[in-house]
Amino acid sequence: MAQLGFYGGTVTAGGTDGAFLLTTNPLKYAAEKGSLGDAVKYALRCPLETNVYNVTISVIGTNPDWLELSADAKTWNSTLFFSNIGSTNTLFYVRANIPADAQYSTAVVNNLVFKYIETVSEQGA
């Protein structure tokens, strides 16, 4: 069965580097109101060398529109789509985009959601 891995730190396109990110560790982004935050680079890959397909990344939470996603760090959207993720890194980027008139307290909680189709192999008896 395929498994999608999410990696941060030093990640390179087509590589197998990066630190595996766990769902228990929060990702943190910063930006001043009315300005864009720095793009943070991440990678997706299948560590078991079985591809996954139709990968969609989106943001949900208290202010999902405050985060933007990109496959190339040039074109930014609220969702990303990759048709196929294999055994080497496919990069994507996240940045904060907090409106100038934003009202917030000390914590804004958003989550990245990954939806994809797993490949499953069955062995005959």
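This passage describes a strand sheet and a salt bridge in a predicted model. Local features are reported only where pLDDT is at least 70 and side-chain atom pairs only at pLDDT 80 or more, whereas totals for chains, interfaces and linings use all residues. Residues are numbered from 1 along each chain as its sequence is written, and side-chain values use heavy atoms, with hydrogens and water left out.

Three strands (E, DSSP runs of at least two residues, numbered from the N terminus) form an open antiparallel sheet in the order E6-E4-E8, where two strands count as paired if DSSP finds at least two bridges between them. Strand E6 (79-85) and strand E8 (110-118) stand at the edges with a single partner strand each, so one side of each has no neighbour in the sheet. From one strand to the next, the twist averages 20 degrees, an angle taken between N-to-C directions of lines fitted to C-alpha atoms, on a scale from 0 to 180 degrees. Strand E4 (residues 52-61) runs antiparallel to E8 and is joined to E8 by eight bridges; Tyr 53, for its part, has Ile 117 in E8 as its bridge partner.

The structure also holds one salt bridge, defined as a side-chain nitrogen of Lys or Arg within 4 Å of a carboxyl oxygen of Asp or Glu. It is formed by the side chains of Glu 68 and Arg 95, at 2.6 Å from N to O, and it links distant parts of the chain, since Glu 68 lies in strand E5 (residues 67-70) and Arg 95 in strand E7 (residues 90-96), 27 residues apart. Glu 68 counts as buried because its relative accessibility is 15%, and Arg 95 likewise counts as buried at 14%, where buried means under 20% relative accessible area, with a 1.4 Å probe and protein chains only.

Methods. Helices (H or I, at least four residues) and strands (E, at least two) are DSSP runs, numbered from the N terminus. Buried means under 20% relative accessible area, exposed over 50%, partly exposed in between (1.4 Å probe, protein chains only).
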